[in-house]
There are 2 protein chains.
Amino acid sequence: MGQYNKTAAGELPLADITISDSFWDKQIELVQSVVIPYQWEVLNDRVPEAAQSHAIQNFRIAAGLEKGDFYGFFFQDTDLYKWLEAVAYSLTIKNDEKLSQLADEAIALMGSAQCDDGYLNTFVQIREPVKRFTNLEECHELYTAGHMIEAGVAYYQATGKKAILDIVSKFADYIDSRFGYEEGKIHGYDGHQEIELALVRLYKATKNERYVRLAKYFLDARGTEPFYLEEEWEKRSKISYWSNKEISSPRERAAYFQAHKPVREQTEAVGHAVRQVYMLTAMADIAALYQDEEMKAACKTLWNNIVKKQMYITGGIGSTGAGEAFTYDYDLPNDTIYSETCASIGLIFFAQRMLMMENDRCYADVIEKALFNVIMSSMAKDGKHYFYVNPLEVEPKASILSPIKGHVKPVRQKWFGCACCPPNLARLLTSLRGYIYTGSADTLYIHQFIGSEVKTALNNTEVKAQISSNYPWNETITIRILAEEERDFKIAVRIPGWCRKAVLTVDGEEIVLSSCMEKGYAVLSRNWKRENIVTLTLAMPVEEMQASPRVRSDLGKAAIQRGPLVYCVEEIDNGNNLPALSLSKNPAFSIKSEEILDGVVTITANGLREDESGWDDELYAPYQRKTKEVTMKAVPYYSWGNRGEGEMLVWIRKEV
Amino acid sequence: MGQYNKTAAGELPLADITISDSFWDKQIELVQSVVIPYQWEVLNDRVPEAAQSHAIQNFRIAAGLEKGDFYGFFFQDTDLYKWLEAVAYSLTIKNDEKLSQLADEAIALMGSAQCDDGYLNTFVQIREPVKRFTNLEECHELYTAGHMIEAGVAYYQATGKKAILDIVSKFADYIDSRFGYEEGKIHGYDGHQEIELALVRLYKATKNERYVRLAKYFLDARGTEPFYLEEEWEKRSKISYWSNKEISSPRERAAYFQAHKPVREQTEAVGHAVRQVYMLTAMADIAALYQDEEMKAACKTLWNNIVKKQMYITGGIGSTGAGEAFTYDYDLPNDTIYSETCASIGLIFFAQRMLMMENDRCYADVIEKALFNVIMSSMAKDGKHYFYVNPLEVEPKASILSPIKGHVKPVRQKWFGCACCPPNLARLLTSLRGYIYTGSADTLYIHQFIGSEVKTALNNTEVKAQISSNYPWNETITIRILAEEERDFKIAVRIPGWCRKAVLTVDGEEIVLSSCMEKGYAVLSRNWKRENIVTLTLAMPVEEMQASPRVRSDLGKAAIQRGPLVYCVEEIDNGNNLPALSLSKNPAFSIKSEEILDGVVTITANGLREDESGWDDELYAPYQRKTKEVTMKAVPYYSWGNRGEGEMLVWIRKEV
């Protein structure tokens, strides 16, 4: 097996990074103080207003501690696993004996429920007629196992406790004994990718190559002929477990779970968006670990397809609610959009793995875009209300009256029955500091401007970097570099793709950026003193952005952006029928720091509004434009929907 | 019972009207030479490439002539009835012994299949477990009966043959014995409106008031409490006939079939569009016959809601494919639209009934708009391919790849399994001359400019009117008025709402229109000579139309219109990515008669096209508009999709 590309940088342990940031601390604290405890209560069915979870109960029944039937989604176990993963990261931020004890008890329960051979899936164990691994397309046993493994690795890495690692390794070993190319093994793979990336994480924690080989097998087997999922479907008499009726061949829906062709031959993101990016995350892992150029090329092709043809300006992906899926190039409707929070989380995972292979700011740019827009938008201030769908145009009555917009909600919804996004968000935010830096033997890469401190070794001296700023509101970021001893090493600072004018100084001396730029990073290679101050000033004028003219939905429109933040207009500030607004040729933008929405910079702009008077009696009339001048007010996209129910719009018509 | 409002005009017998029109003759001839014979073959399962119909077979089985099971939709019988109705009208245009004989045989078969008590529905008769009238919401027995009655009335009126009238009257009598306010009768109504308007037609043919009372009952019972369809649903243990599973209360979907409130209290068009307009047609009939002002007010309210808030510029209705339904005011998406051909046919029925009550051009304007755009668009030149859905924006790959646009087809489709639109179109076109004129004792109203001749009596002298023109291409219409004797009477000529400048002459002398306009009609009241020439010149400059700024989908856009024709741009003339086009501030329109598309006037215009170069590597970039000047070519909307598969667009961005 190969190794990570030596020129790229690797992950740094979470334990070596601390975060302290005026923007993100609140979010992370909310996850720790509200989301994790609330989710534990939900898992234990102690939240009257939430849908019944039964997750813990399922484990107790599977363990023989109680009698009863399975309840919930067939992947209900993952609710516990995602909680456990978030707990793991949370414990690395702040120790919490009580939480630690709850987690240990849950792990003990998992151990009790686990079969002697290592298998663990409460749905299959309790519902006896369901045979193991006989309906990989529908039953998601490997997907569920993947979340179990991710949780186990995270908890082990956070606490050093081996109990959970033993449990998940035992299951992984069992899976390895059942799946693979060898005769007698199942030549299949899961209908929902996840096990692949999880096995890579297990490999990194255990160094047991069996796991990474199995991950690679799952990827390489996918989409090949003979088509395993079709054989499986024939074997079960073409019956769907869910409808108990005969269904069509999986071939017809293979693109939905990205098994329509071998993964290396796939060139366009298709199907269920979360499955797609989870798969790509593992593909990037395998490309790096095996130095597999063909796999890497497939990753880059699909990366480019997503970010250059199928991604919303907010970092959202998934253009349709039907199948929560990608559709086709340049199809980016703003109002029938899906843009699931989980899909952008998956996109961040994928981008992060790509960044491990190749220090190119395009990956970190997308991580930043998704974090500050879609991700930040998802959770309400109470930690108990979420956007699962992240639209760019909202008309509240459409959510009720238009059948194709029912999934687009004008206000954050209570924690759902299918608790995918909130725990996924919880694990992302509690591990957020893992996305700020990467390091190699001689270089520390700074990808994100999130207030934090990292400790690492560069050329055999201990180096600390401390980022402080009022990002994304203010232009200046200060990075203090502390070296145990004066030493030659490199600090590589990302100059964001959105920034047209950046000024970088080291100890007050301006650096000529053109002389040190490498793929979007200012690489500062020098003999560093024991204490050095790097300042980075990223000009943040308000900008009007344009989409490719191939995006029909955005033609003739502009989006307002400042720094990494996309802005939107809301009904509360601008009246209703927002599409009747247009940005003036010269909008004369001005910015203002306001206390609203937990403190944001708002933007005002000159605009026009189509005059609706005289239209009560006619729907169509000869063209005769009547407008009035207005002053528009825009707020950061992520903050929308926090002041009651109303319209929202990102892409605004533009006068030319 | 009251009578039709004396100030309004009434229907004229089809037998008194002949049509001879350069635009419509081809369509009507196509129905007679291709559609009707083809449909007969389909009904008899003799068309290998068409979906199995089994319609005639169902009747033979119900009649005991053959053994077998029912096949098809539960309303499969209506395929025969709609065919028979079209045959009836066709025979009034041109006698055809062979066709007449086929129809008589079909009628004899209906008679054989009819139960002794008058009931006739092959689905219910063959599928024994289905009990008559126990699932009105789902099984459409009365809807099916309605089409039978319409066919019967039309055939009787066309041929004078009573056999069919006896059959349908016997069924109507049976329905009357089973439904109504009286104790022991069913207090219900059908899930799909149609019987109501059919019973009014039967009343007009027979003068038996029982039928109109029953029609009124069905309307007045609808949407009242106790909610009959819920009682029915409870009686059948809440089981759906289709899924054989328990379903939710019909209350939850009552708006879909317009039973959410009493019909007189309904103020917004909702639910399934065809149901809505069929119901309104009957409501207008009842309002007129009973001089029922409350009912009339409800009709006008709903008329206004449809045409001022929920109708496409083409005369299409139904904004969503989900339920083929209305959504809400000003929600008129161009690309996820439904705009079913049948719905516009129903809208024409409704408009025609309103016109009977009130000679206001708004009704005739909508009939014309629908005829020249949606209706004319539906059928291909071969008579065997149809648009069921009539979109205003088409991107072929979206029809395949976007789950919310799958119903929007870029080319006309073969006759479907559910043969609703083609036979509905056939009956409309063969009775098209019924929409041109109405008459009262002293006035002949000319509503449509379709080449034709009518014979009627005005103030006791026989009057003929002969319309000739090259409408809609040329501006001048000639109307020859021939009176058996010189006489005082009135000729009322509609001045279309789309026309900004009309010149009317009688025998060469210009009429001052302002002195004789009544609700959009130039009422020429004079002593007419035995021969008179009226000429009407309707200025037809190319116009840019605008939608109300409340229509989000059309903001900043214009539609090209000339006379009654809406125009569109197609990929074959303008390249792909049509939304990248915009109309110049001064488009400098020019028109040209061309041989293409069976002869049309095409329009060229100056425009801009967004430059797509430089966008391969970016999806978003700072706003910087790059355009190139282009000459656009537009063709009549109805002619789109006849030159291969490609994009199409009606609403075009407008430079200001």
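The chat below goes through one strand of chain B and the way the two chains are arranged.

Colleague: What should I keep in mind before reading this?
Modeller: This is a predicted model, in which local features need pLDDT of at least 70 and side-chain atom pairs count only at pLDDT 80 or more, while totals for chains, interfaces and linings use all residues. Residues are numbered from 1 along each chain, chains are lettered from A in the order in which they are written, and side-chain values use heavy atoms, without hydrogens and water.

Colleague: Is strand β16 of chain B enclosed or open, and why?
Modeller: Five of the five residues of β16(B), residues 543–547, are buried, so the strand is largely enclosed by the rest of the structure. Buried means under 20% relative accessible area (1.4 Å probe, protein chains only), and a strand is a DSSP run of E, at least two residues, numbered from the N terminus.

Colleague: Which residues point which way?
Modeller: B:Glu543, B:Met545 and B:Ala547 point one way, and B:Glu544 and B:Gln546 the other.

Colleague: What does β16(B) pair with?
Modeller: Strand β22 of chain A (residues 620–622) runs antiparallel to β16(B) and is joined to it by three bridges, with A:Pro622 opposite B:Met545. Within chain B, β17 (residues 557–562) also pairs with β16(B) in the antiparallel sense over three bridges, and there B:Met545 stands opposite B:Ala559. Pairing requires at least two DSSP bridges between the strands.

Colleague: Changing topic, how are the chains related?
Modeller: A turn of 180° and a shift of 0.0 Å along the axis lay chain A on chain B with an RMSD of 0.0 Å, and the two copies are thus related as by a two-fold rotation axis. The superposition is by least squares on C-alpha atoms of residues with pLDDT of at least 70 in both.

Colleague: Which residue of chain A comes closest to that axis?
Modeller: A:Ile404, whose C-alpha is at 3.5 Å.

Definitions and conventions: Buried means under 20% relative accessible area, exposed over 50%, partly exposed in between (1.4 Å probe, protein chains only). Helices (H or I, at least four residues) and strands (E, at least two) are DSSP runs, numbered from the N terminus.
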